[in-house]
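Colleague: I have a few questions on the ligand site and the backbone. Can you take them one by one?

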Amino acid sequence: MTHGGDTIFGKIIRREIPAQIVYETENVLAFRDISPVAPTHILLIPKKPISALSEASAADKELLGELMLEAAEIARREGLDKDGYRVVTNIGANAGQTVFHLHLHIIGGRPFQWPPG
Ligand code: AMP
């Protein structure tokens, strides 16, 4: 897996390409997925360019906690918590990861299958 390389999400963080940003702090950024798979589909990323969850380290403990708590807060603000929603992170080829900058998919607004396809 590639490390520290620049990605399209790095360009979004630096405002080099546009995105529908819904939330930002010093450490994290959330924006709407360009190709939504559900009525609500938001990507939440750390600004630090960690390529995937598998590449995070103990030094990222606080940042990962912040991401999880912010995911729940964004879902609440989007009105997803009543009916439920899913938070997913894809890692590597079998999971279909296409952008090598850690991101949580926050998806909701319809029922989902389990197990996923
Ligand atoms: P993954 O397959 O888990 O790596 O997810 C990458 C996600 O990034 C996909 O759902 C894409 O639709 C989304 N995506 C790719 N480029 C952009 C972009 N420029 N703005 C917003 N979302 C994007």
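Colleague: Which elements each supply at least two residues of the shell around the ligand?

Modeller: Keep in mind that this is a predicted model. A residue joins the shell if one of its heavy atoms lies within 4 Å of the ligand. Two elements each supply at least two such residues: α1 (8-13) and β2 (28-32).

Colleague: Which element gives the most to the shell, and how many residues?

Modeller: β2 supplies at least two residues. The top contributor to the shell around the ligand is α1, with 3 residues.

Colleague: How do the shell residues divide by type?

Modeller: The ligand has 16 residues around it. Among them, D33, N90, T98, H103 and H105 come nearest. By type, the shell divides into 7 nonpolar, 7 polar and 2 charged.

Colleague: Which side chains place a polar atom 2.8 Å from a ligand oxygen?

Modeller: A pair of N or O atoms counts as a polar contact within 3.5 Å. V99 has such a pair at 3.0 Å, but through a backbone N or O atom. At 2.8 Å from a ligand oxygen there is a polar side-chain atom of N90, and there is also a side-chain N or O atom of H103.

Colleague: How much of the ligand does the protein bury?

Modeller: Take the ligand alone, and it exposes 510 Å². The space taken by the ligand is the largest pocket. Of the ligand's exposed area, the protein buries 84%.

Colleague: Which peptide bond is cis?

Modeller: Most peptide bonds are trans. Here, one with omega near 0° leads into P115, a residue in the segment after β5 (104-108). The cis bond runs from W114 to P115.

Colleague: What is the phi of R15 near?

Modeller: Most residues other than glycine have a negative phi. R15 sits in the loop between α1 and β1 (21-24). Its value is positive, though R15 is a residue other than glycine: phi is near 60°.

Colleague: Why does R15 count as partly exposed?

Modeller: Partly exposed lies between the cut-offs of 20% and 50% relative accessible area. R15 counts as partly exposed because its relative accessible area is 46%.

Colleague: Why does S57 count as partly exposed?

Modeller: S57 lies in the loop between β3 (40-46) and α2 (61-77). The class runs from 20% to 50%. S57 is therefore partly exposed, with a relative accessibility of 39%.

Colleague: How far apart in space are S57 and V88?

Modeller: In sequence, S57 and V88 are 31 residues apart. In space, C-alpha to C-alpha, the distance between S57 and V88 is 19 Å.

Technical notes
Residues are numbered from 1 along each chain as its sequence is written. This is a predicted model: local features need pLDDT of at least 70, side-chain atom pairs count only at pLDDT 80 or more; totals for chains, interfaces and linings use all residues. Side-chain values use heavy atoms; hydrogens and water are left out. A polar contact is a pair of N or O atoms within 3.5 Å; within protein, one must be able to donate a hydrogen and the other to accept it, and residues adjacent in sequence count only if both atoms are side-chain atoms. Accessible areas come from the Shrake-Rupley method with a 1.4 Å probe; for residues, only the protein chains shown count as cover. On a 1 Å grid over the protein atoms alone, a cavity is a set of points where a 1.4 Å probe fits but cannot get out, and a pocket is an open set with protein on both sides within 12 Å along at least five of seven lines; lining residues have an atom within 4 Å of a point. A molecule sits in a cavity or pocket if more than half of its atoms lie within 2 Å of its grid points. Helices (H or I, at least four residues) and strands (E, at least two) are DSSP runs, numbered from the N terminus. Ala, Val, Leu, Ile, Met, Phe, Trp, Tyr, Cys and Pro count as nonpolar, Asp, Glu, Lys and Arg as charged, and the others, Gly among them, as polar. Buried means under 20% relative accessible area, exposed over 50%, partly exposed in between (1.4 Å probe, protein chains only).
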